[in-house]
Amino acid sequence: MRIRTGLLLAACSLQLALAGCAGKPSAAQIELLAMGASQRGDYQAEQRLANWASQGLPVAQRELALLYRNRPEMAEAAVGLLRQAAQSGDAEAAFQMGELERSRNGLDMAAQWYRAAGATGHPKAALALALMYKNGNGVALDKHQAIRWLEVAANGGNAHAMFLLSNVYADGDGVPADPKKARQLLERSADLEYPAAIQQLALVKQTGDSLTARDSAEAAALLQEAAEHRKSNARRF
């Protein structure tokens, strides 16, 4: 009975609109339907997604925009939908608007959208904004703001931000030096398979320091792991 009930619930989630499941759809259900529209070219799923978007559901607007942006004739509609979703508070839409503005060299607007998304804890938006502050790219160079947004991104689970922040604490660059916190961040980043973190941790194991005993065998294994992840995770990071 439990198995049958689970299958029925799964079917309801997968085909919420098509099977007539009652109630307002969740973000997960909308995204699942959008996946079907994108991967399987499901016209009915796309139509239901468009219907939800027309009802002002931000997640549906965002997912429909992401679906449309791969179609040149729908590019303008995609931007409009994405902006509506972002203005309604959808963090992923705000991040995507930031990416769009940055691709157009509209760095001032990109920073604004990244900030809006980052304020909700969106890791990629926070990292993007941190790098803008770190490099003075589109905003005034501000080391403390860069660190602030790196913290947000790292707390949100972004491995790249953890790695950069580990270097900040290791060097005491804008914050009091904290070798233990630096090592914790480096190890967390390496655990998330960030290649540069794995490589740096390997170098630590290779030479040893006050926090880590020298271990040549583990260092060699980590270097091999870093090389493998650099190839397989190039797009991911």
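At what angle do the axes of helix α3 (residues 27-39) and helix α4 (residues 43-54) cross? The answer comes at the second stop of this tour, after a view of the whole chain.

**Stop 1: the whole chain**

Display the full model as a cartoon, bearing in mind that it is a predicted model. The protein chain contains 14 helices and 0 strands, so a colouring by secondary structure shows the pattern α-α-α-α-α-α-α-α-α-α-α-α-α-α along the sequence. The chain has 237 residues, of which 41% count as buried. Among the contacts in the chain with a separation of 6 or more, 42% are made by residues 24 or more positions apart.

**Stop 2: helices α3 and α4**

Select residues 27-39 and 43-54, which are helix α3 and helix α4. Their axes come within 8 Å and cross at roughly 140 degrees. An angle over 145 degrees would count as roughly antiparallel; α3 is therefore oblique to α4. The crossing of α3 past α4 is left-handed.

Next, show the side chains at the meeting of the two helices. On the α3 side, select I30, L33, A34 and A37; on the α4 side, select A45, E46, R48, L49 and W52. These two sets of residues meet each other.

**Stop 3: E63 and its network**

Keep I30, A34 and L49 in view and add E63, which is in contact with I30, E31, A34 and L49 once its neighbours within four places in sequence are left aside. E63 belongs to helix α5 (residues 58-68). Is E63 buried or exposed? Its relative accessibility is 14%, so E63 counts as buried.

Now add E31, R62 and D90 to the selection: together with E63, these residues are linked in a network of salt bridges. Within this group, the side chains of E63 and R62 are joined by a polar contact of 2.6 Å.

**Stop 4: a salt bridge within one helix**

The network just visited contributes to a count of salt bridges that comes to 10 for the model. Three further pairs are worth selecting in turn. Begin with R102 and E99, whose closest N and O atoms are 3.1 Å apart in a salt bridge. Both residues lie in helix α7 (residues 91-103), and they are 3 residues apart, about one turn of the helix. With a relative accessible area of 37%, R102 is partly exposed. E99 is also partly exposed, with a relative accessible area of 28%.

**Stop 5: salt bridges between distant parts of the chain**

Select E151 and K181, which form a salt bridge with closest N and O atoms 3.9 Å apart. This pair links distant parts of the chain, with E151 in helix α10 (residues 143-155), K181 in helix α12 (residues 179-191), and their positions 30 residues apart. E151 has a relative accessible area of 18% and is buried, whereas K181, at 29% relative accessibility, counts as partly exposed.

Remain on helix α12 and select R183 together with D209; their salt bridge has closest N and O atoms 2.5 Å apart. Here too the pair links distant parts of the chain, 26 residues apart: R183 is in helix α12, and D209 is in the loop between α13 (195-207) and α14 (216-232). Which partner is buried, and which is partly exposed? R183 is buried, with a relative accessible area of 12%. D209 counts as partly exposed, at 35% relative accessibility.

**Stop 6: two loop residues with positive phi**

The last stop concerns the backbone. Most residues other than glycine have a negative phi. Two residues in loops of this model depart from that pattern.

Select N105 in the loop between α7 and α8 (107-118). What is the phi of N105? The value is near 65 degrees, positive in a residue other than glycine. N105 is exposed, with a relative accessible area of 66%.

Then move to E193, in the loop between α12 and α13. E193 is not a glycine, yet its phi is positive, at about 70 degrees. At 29% relative accessibility, E193 counts as partly exposed.

Methods: Residues numbered from 1 in each chain as written. Predicted model: local features only at pLDDT ≥ 70, side-chain atom pairs only at ≥ 80, totals over all residues. Heavy atoms only, no water. Salt bridge = Lys/Arg side-chain N within 4 Å of Asp/Glu carboxyl O. Helix = DSSP H or I, 4+ residues; strand = E, 2+ residues; numbered from the N terminus. Buried < 20%, exposed > 50% of the residue type's maximum accessible area, 1.4 Å probe, protein only. Polar contact = N/O pair within 3.5 Å; in protein donor to acceptor, adjacent residues only side chain to side chain. Contact = heavy atoms within 4.5 Å. Axes fitted to C-alpha atoms, helices over the stretch in contact; angles between N-to-C directions. Parallel < 35°, antiparallel > 145°, perpendicular 65-115°, else oblique. Left-handed = near helix turned anticlockwise from the far one by under 90°.
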